[in-house]
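Colleague: Please go closely through one part of this model, residue by residue where that helps. Put the overall fold first, and finish with whatever stands out elsewhere in the chain.

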Amino acid sequence: MSEFNISDILDANQGKDSYVAPDFYGLDDLLTDEHKLVRQSVREYVKKELSPIIEHFAQKAEFPIHIVKQLGKIGAFGPQLPTKYGCGGMDYTSYGIIMQELERCDSGIRSTASVQGSLVMYPICKFGSEEQKQRFLPRLASGDLLGCFGLTEPDHGSNPGGMTTHFIEKGDHYVLNGAKMWISNAPFADLAIVWAKNEAGKIHGLIVERGMEGFSTPTTHNKWSLRASATGELVFDNVRVPKNNVLPGVSGLKGPLTCLNSARYGISWGALGAAMDCYHTALTYSKQRIQFGKPIAGFQLQQKKLAEMLTEITKAQLLVWRLGQLMDKGIASAAQISLAKRNNVEIALSVAREARQILGGMGITGEFPIMRHMMNLESVLTYEGTHDIHLLILGMEITGENAFN
Ligand code: TGC
Ligand code: FAD
């Protein structure tokens, strides 16, 4: 626990967040009143509770664990999942909007929410038994429980099908052995959705709960990225997992990859939020910063940067809006999601880099969010499928040729 008093930080930073989202093409007209309401309530929450504290937690490389319940309360966990399990029952556009507002603040905060909603609650909802849904979903939705998703292993990142974590049957339970690494939320998680192979080499999802003997979650230290998000390993040393903790509804790699479709979709909205925050910050700064006797916004080189940033942001906004519609119709393909995740993270990174230049030296300080966004986005470029992997998914879709192996 940190020694400071959160309310002191809140008081000191209250009102400093002047964020206004760019909407150059009037895309608000494409949103419903419900979408706008959702956006407004998350934006207000972010301004009041997250913006004042995020820099502090990122600088100290601490996860603000107290926000988990807050995120549950505002409906950020599984907003697209059914109300009968305590979730939001909203559409995918609302889900995207929530991820965008959270990542506008910090990619690590969005990570916490998208892992919980798309990678923990979603698989339980889609592949779990009724008993598992009743047991876990309402408490995950409220933030009483925090979950994580274990797919990546030390020797199997882009190629998760090669995983070696495995379980064998022993009477009325299974015995799980192996290790996962780079797992968001792991150090604080109450439960993990773990993808592991059975004796026949088939991949299944297991719900591994904190407190099970032989299960540990060492923290990953010294990250320069996603510093306000907790990352760790999952280590399984002869962990006894009850048989009714296995997700009955799926086997094979398509289980985790189906969950990743939902999470990658959320990232395509989220990364754009980080880009929009960098653009807003750079535009505001450029109008205030005087050099050579006038605001730097008046120099053509700075206008070029801002105009190109807004162009890319506007294209990306249209992309996710349409993808949201395809998601709601249930017809978004994995390759369409890859295109959006890949494009929007890439443009977010380039917007962050350009914005950083507009702020000059101030751009590298914690006074502004840009450097934090930029460092975060380096992880976002890599997790949930690297930039290269999404290109290859797209390449396979359009040519019919598999370039992975
Ligand atoms: P491949 O042979 O192509 O496919 C195996 C089976 O999976 C099916 N499939 C999919 N199903 C649903 N959605 C998708 N997107 C799918 N892609 C493939 C496929 O039809 C097949 O099904 P079946 O029934 O025939 O068995 O698999 P492959 O071994 O060649 O690998 C494919 C590849 C490279 C695309 C995939 O493995 C991949 O996406 N690799 C990247 C790994 C990755 O994204 N890891 C993410 C880890 S989780 C994470 O990073 C969370 S960070 C969260 C945060 O903090 O926000
Ligand atoms: P590698 O797969 O070793 O790739 C290294 C490089 O080789 C990359 O540039 C890649 O694009 C390239 N490459 C690989 N294969 C090919 C190919 N066939 N053709 C061309 N180039 C190729 N995982 C989880 O399961 N759960 C989580 O919650 C989670 N959270 C994460 C949080 C953070 C902060 C980070 C950094 C990662 C997280 N991950 C998580 C892991 C993440 O999904 C992996 O890092 C990612 O899938 C890439 O795997 P890798 O790091 O092993 O890289």
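Modeller: Helices (H or I, at least four residues) and strands (E, at least two) are DSSP runs, numbered from the N terminus. On that basis, the chain has 11 helices and 9 strands. The model is predicted, so local features need pLDDT of at least 70, side-chain atom pairs need 80 or more, totals use all residues, and side-chain values use heavy atoms without hydrogens or water. Residues are numbered from 1 along each chain, chains are lettered from A and ligands numbered from 1, as written.

For the overall fold, the radius of gyration (over C-alpha atoms) is 21 Å. This agrees with the value near 22 Å that a compact globule of 405 residues would have, by the rule of 2.2 Å times the residue number to the power 0.38. Along the principal axes, the C-alpha atoms occupy a box of roughly 80 × 55 × 40 Å. Of the 405 residues, 53% are buried (under 20% relative accessible area, with exposed meaning over 50% and partly exposed in between; 1.4 Å probe, protein chains only). Among contacts (heavy atoms within 4.5 Å) with a separation of 6 or more, 75% join residues 24 or more positions apart.

The part I chose is the surroundings of H390. This residue belongs to helix α11, which runs over residues 387-399. H390 counts as buried because its relative accessibility is 0%. The side chain of H390 makes a polar contact (N or O atoms within 3.5 Å, one able to donate a hydrogen and the other to accept it; residues adjacent in sequence count only through side-chain atoms) with the side chain of S338, at 2.8 Å. Once residues up to four places away in sequence are set aside, H390 touches R264, S338, K341, R342, E384 and G385.

R342, one of those partners, sits in helix α9, residues 334-358. With residues up to four places away again left out, R342 touches H387 and L391 as well as H390. A contrasting pair is R342 and E44: they are 298 residues apart in sequence, and their C-alpha atoms are 29 Å apart in space.

Moving on along the chain, G330 is placed in the loop between α8 (300-329) and α9. G330 counts as exposed because its relative accessibility is 63%. From G330 to Y92 there are 238 residues in sequence, but the C-alpha to C-alpha distance is 9.9 Å.

Another buried residue is E103, in helix α4 (residues 92-105). E103 is classed as buried because its relative accessible area is 0%. Beyond its neighbours within four places in sequence, E103 is in contact with R110, with G270, A271, G273 and A274, and with H373, L377 and V380.

Two backbone positions deserve a look as well. N222, in the loop between β6 (215-216) and β7 (231-242), is not a glycine yet has a positive phi, near 65°. N222 is exposed, given its relative accessible area of 76%. F292, in the loop between β8 (290-291) and β9 (294-295), also has a positive phi without being a glycine, at about 50°. F292 counts as exposed because its relative accessibility is 80%.
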